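These are my notebook entries on a single structure. I set down what I looked up, entry by entry.

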Amino acid sequence: MNKNHYVAIIAGGIGSRFWPKSRVGYPKQFLDILNTGKTLIQQTFERFERFVPKENIFVVTSNEYVEIVKEQLPQMPEENIVAEPSRKNTAPCIAYISFKVSNKDPDATLIIAPADHLILDTEGFEKTCQKAIDFVDKNDSLVTLGIKPTYPNTGYGYIQYETESSVEDQIFKVRTFTEKPNLELAKTFLASGDFLWNAGIFIWKAEVIIKRFEMHEPELHDIFASERYKLNTPEEKQAIERMYPQCSSVSIDYAIMEKADNVYVIPSSFGWSDLGTWTSAYDNLEKDYLGNAIAGDKIMVIDSTQCMISAAHNKLLVLQGLNDFIIVDTEDVLLICKKDKEQEIKEYVAEVKRNIGDKNL
């Protein structure tokens with residue numbers, strides 16, 4: 001293992017499309033969505049622990065989740081839990097951890113990865129990360145991992161790349177980033193053969209991304225640069241509480257990746273899913289002979305097919321005559337929703353908030 005290699009696991013999101021299982025107070029990265037016996041953040045930590053020193057793995061999360069991270073990752077040094085005072089999308093948290101790690105180690109290579117993704121082929125993932133690390137160690141570049149698409153998914157962003165010539169074995173220059181497209185556009189992307197799903201996993205030298213913040217997001221850069229040497233000291237918490245209210249809420253894709261001219265992608269296939277929706281959970285769970293994915297011990301299904309069903313282990317559910325539904329039963333909420341309407345769950349959550357308040361969110 002190389003002492004200059006670091007990982008930042010991003011774990012501050014609220015996972016609203018996994019409601020009602022995922023709640024603001026206990027979101028999906030801290031849940032065992034697929035009944036594996038381990039939560040998503042535990043699986044992510046273990047995946048990186050295989051090839052990055054444990055003391056170099058950080059978790060960036062919201063203040064309110066620090067205790068949950070401590071509880072779920074007791075093997076992690078407490079000082080490696082980096083708490084954001086407010087949610088500001090991915091660019092500020094990546095700027096924060098990049099300055100923090102760079103202060104500690106100016107030669108640091110940093111992998112940025114979400115806490116709540118599923119990766120089935122851990123060896124393949126490790127090899128791909130190693131390839132990216134070797135490349136950024138030699139080149140002033142930003143690398144992202146793109147997933148070879150298997151169908152026109154409208155829930156992912158897309159990366160277009162120059163397929164004709166690789167700069168190195170299976171490493172290509174990026175042309176464009178596109179936010180989540182509509183179905184027609186997603187079909188066009190798939191047919192063209194030069195688009196990949198955006199996995200939101202990045203590899204770069206900490207100092208290289210800091211320079212890119214200076215070029216493309218100077219205001220954000222200057223906020224963190226102004227007090228960077230208070231990071232990793234007892235003054236860090238107060239400094240961050242001053243910085244964060246000044247930060248605009250912006251994604252790393254929009255802030256840096258879409259603007260930078262040194263972005264490369266590695267087309268990858270290591271059994272990835274962002275587990276962003278109940279259908280993605282359905283795709284990754286075992287099914288019964290009628291195509292139902294069942295997460296729960298006391299669920300009886302009669303004349304029902306292709307359903308995603310999740311319930312507490314002590315709760316008896318009897319379902320009859322349902323086809324292509326998502327059924328999620330928790331202590332205080334029951335969701336029944338057609339699978340093809342799941343992208344609207346976020347809207348249902350907003351409607352609940354308007355009509356009933358925050359209690360069930």
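**Entry 1: V60 and its surroundings**

I began with V60, which lies in strand β2, residues 57-62. The model I am reading is predicted. I looked up the accessibility of V60 and found a relative accessible area of 1%, so I entered V60 as buried. I then listed the contacts of V60, leaving aside neighbours within four places in sequence: A8, I9, I10, A11, G12, V82, E84, C93 and I97. I also checked V60 against F224, 164 residues apart along the chain, and found their C-alpha atoms separated by 16 Å.

**Entry 2: Aromatic pairs around W197**

I next turned to the aromatic rings, for which the structure holds 19 pairs. In the pair of Y151 and W197, the ring centres are 5.5 Å apart and the planes stand at 80 degrees; planes over 60 degrees apart count as edge-to-face, so I recorded this pair as edge-to-face. The pair links distant parts of the chain, 46 residues apart: Y151 is in the loop between β6 (142-147) and β7 (158-161), and W197 is in strand β9, residues 195-205.

Are the two partners buried or exposed? Y151 has a relative accessible area of 38% and is therefore partly exposed. W197, at 5% relative accessibility, counts as buried.

I followed W197 to a further partner, W272, with which it forms a tilted aromatic pair, 6.5 Å centre to centre and with 45 degrees between the planes. This pair too links distant parts of the chain, since W197 in strand β9 and W272 in strand β11 (residues 272-273) are 75 residues apart. I noted both W197 and W272 as buried.

**Entry 3: Other ring arrangements**

I found one aromatic cluster formed by F48, F51, F125 and F270. I then looked up charges over rings. The charged end of K173 sits over the ring of Y264, 5.6 Å from its centre. The charged end of K339 sits over the ring of Y282, 3.8 Å from the ring centre.

**Entry 4: Helices α3 and α6**

I examined helix α3 (residues 90-104) against helix α6 (residues 206-216): their axes come within 9 Å and cross at roughly 130 degrees. I therefore entered α3 and α6 as oblique to each other. The crossing in which α3 passes α6 is left-handed. For the contact I listed A91, I94, A95, S98, F99 and S102 on α3, and A206, E207, I209, I210 and F213 on α6.

**Entry 5: N360, W19 and P20**

I located N360 in the segment after α11 (345-356). Its relative accessible area is 13%, so I recorded N360 as buried. Not counting residues up to four places away in sequence, N360 touches W19, R23, D332 and V333. W19 led me to a cis peptide bond, which joins W19 and P20 with omega about 5 degrees. P20 lies in the loop between β1 (5-10) and α1 (40-49).

**Entry 6: Positive phi outside glycine**

Which residues did I note for a positive phi without being glycine? L275 has a phi near 40 degrees, and D324 has one of about 60 degrees. I placed L275 in the loop between β11 and α10 (278-284), and D324 in the loop between β15 (317-320) and β16 (325-329). L275 counts as buried at 0% relative accessibility, whereas D324 is partly exposed, with a relative accessible area of 34%.

Technical notes
Residues are numbered from 1 along each chain as its sequence is written. This is a predicted model: local features need pLDDT of at least 70, side-chain atom pairs count only at pLDDT 80 or more; totals for chains, interfaces and linings use all residues. Side-chain values use heavy atoms; hydrogens and water are left out. Helices (H or I, at least four residues) and strands (E, at least two) are DSSP runs, numbered from the N terminus. Buried means under 20% relative accessible area, exposed over 50%, partly exposed in between (1.4 Å probe, protein chains only). Contact means heavy atoms within 4.5 Å. Rings of Phe, Tyr and Trp (its six-membered ring) pair if their centres lie within 6.5 Å; planes under 30 degrees apart count as stacked, over 60 as edge-to-face and the rest as tilted. A charge sits over a ring if NZ of Lys or CZ of Arg is within 6 Å of the ring centre and within 35 degrees of the ring normal. Axes are lines fitted to C-alpha atoms, for helices over the stretch in contact, and angles run from 0 to 180 degrees between N-to-C directions. Angles under 35 degrees count as roughly parallel, over 145 as roughly antiparallel, 65 to 115 as roughly perpendicular and the rest as oblique. A crossing is left-handed if the near helix is turned anticlockwise from the far one by less than a right angle, and right-handed if clockwise.
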